[in-house]
Amino acid sequence: MELQALFPVWDKLSDTQQNRILGSLTCRDIQKGTVIHNGSMDCTGLLLVKSGQLRAYILSDEGREITLYRLFDRDICLFSASCMLRSVQFDITIEAEKDTSLWIVPPEVYREIMEESAPAANYTNELMAARFSEVMWRMEQVMWKSMDKRIAAFLLEEAAIEGTARLSLTHETIARHLGTHREVVTRMLRYFQEEGLVKLSRGAVELQDERELERLQNA
């Protein structure tokens, strides 16, 4: 996959701007579990995912993680280069959920491109607005949705991502994504199992009634 296929406004950049990006570009292969970006003081650069899966999350004062969004093939991450955006400070951590291959554009290079190119600046603003909307939706879930609805939504999201109803997930992993305690997740999953919504086994959760889980998350 070429960089040009991932960057929608590539054809609207001048040859000089394109060459500047290509000349500064680095490619990295990241192993699962590796932290790529850590907090607002870390300015990694613009991330363009060639293949794999990344997770963006925040940490509470107590050290609990809450997953904000995922990045998949062909996705672009701007929060990892928030230093190039004036007045944007976001303490976000990004790690590889799966082995991932990505391109990195240095923040100073992309900042120059945005200052010179209106299409690049407009695209960046649209991308940032869309990502903020996604983050705000997630925070609304945390603030207003009960835990049974959040777990149901998470299980359905994971099934859609993995393309299977049998999910290799521990209760601790689910708790980490949702920013809660493992005991809370265990208690809720056991209730789901009693109701016939899921089947539990060691290190796995199998969805048994996706329609009812969908009804629950939307109730």
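Which residue in β8 is the bridge partner of L48? In this predicted model, the bridge partner of L48 in β8 is W103. This report begins with that pairing, then turns to a second sheet, the helices that lie across it, and the pockets.

**Strands around β3**

Strand β3 covers residues 46–51, and strand β8 covers residues 100–105. The two pair in the antiparallel sense, and 5 bridges connect them. Strand β3 is also joined to strand β6, residues 76–77, by 2 bridges, again in an antiparallel arrangement. L48 takes part here as well, since its bridge partner in β6 is I76. L48 therefore has a bridge partner in β8, namely W103, and another in β6, namely I76. As a general principle, strands of a sheet pair through backbone hydrogen bonds, either parallel or antiparallel.

**The open sheet of four strands**

An open sheet is formed by 4 strands in the order β2-β7-β4-β5, and their pairing is antiparallel. The edges are occupied by β2 (35–38) and β5; each has a single partner strand, so one side of each is left without a neighbour in the sheet. From one strand to the next, the twist averages 20 degrees.

Within this sheet, β4 (residues 54–59) and β5 run antiparallel and are joined by 6 bridges. One of the residue pairs involved is L54 with its bridge partner L71 in β5.

Two helices lie across this part of the sheet. Helix α4 lies across β4 and β5 and runs at about 145 degrees to β5. Helix α6 also lies across β4 and β5, but its direction is at about 85 degrees to β5.

**A buried glutamate in α5**

Is E158 buried or exposed? E158, which is placed in helix α5, has a relative accessible area of 6% and is buried, because buried means under 20%. Apart from its neighbours within four places in sequence, E158 is in contact with R70, L167 and L169.

**The two largest pockets**

Rolling a probe the size of a water molecule over the atoms shows where empty space is left. The table sets out the two largest pockets.

| Pocket | Volume | Lining residues | Nonpolar | Polar | Charged |
|---|---|---|---|---|---|
| Largest | about 370 Å³ | 18 residues | 3 residues | 6 residues | 9 residues |
| Second largest | about 260 Å³ | 15 residues | 5 residues | 5 residues | 5 residues |

The largest pocket has a volume of about 370 Å³. Of its 18 lining residues, K32, E97, S168, L169 and T173 are the closest to the centre. One of these, L169, is also a contact of the buried E158. Strand β7 (93–96) and the helices α5 (147–162) and α6 (171–178) each supply at least two residues of this lining. The largest share comes from α6, with 3 residues.

The second largest pocket holds about 260 Å³ of space. Among its 15 lining residues, those closest to the centre are W137, R138, Q141, A153 and F154. Which element supplies the largest share of this lining? Helix α5 does, with 4 residues. At least two lining residues come from each of β5 (65–71), α4 (118–144), α5, α6 and α8 (210–218).

Helices α5 and α6 thus appear in the linings of both pockets, each supplying at least two residues to the largest and at least two to the second largest.

Note on methods
Residues are numbered from 1 along each chain as its sequence is written. This is a predicted model: local features need pLDDT of at least 70, side-chain atom pairs count only at pLDDT 80 or more; totals for chains, interfaces and linings use all residues. Side-chain values use heavy atoms; hydrogens and water are left out. On a 1 Å grid over the protein atoms alone, a cavity is a set of points where a 1.4 Å probe fits but cannot get out, and a pocket is an open set with protein on both sides within 12 Å along at least five of seven lines; lining residues have an atom within 4 Å of a point. Grid points are joined across faces, edges and corners, and a volume is the space filled by probe spheres set on the points. Ala, Val, Leu, Ile, Met, Phe, Trp, Tyr, Cys and Pro count as nonpolar, Asp, Glu, Lys and Arg as charged, and the others, Gly among them, as polar. Two strands pair if DSSP finds at least two bridges between them. Axes are lines fitted to C-alpha atoms, for helices over the stretch in contact, and angles run from 0 to 180 degrees between N-to-C directions. Contact means heavy atoms within 4.5 Å. Buried means under 20% relative accessible area, exposed over 50%, partly exposed in between (1.4 Å probe, protein chains only).
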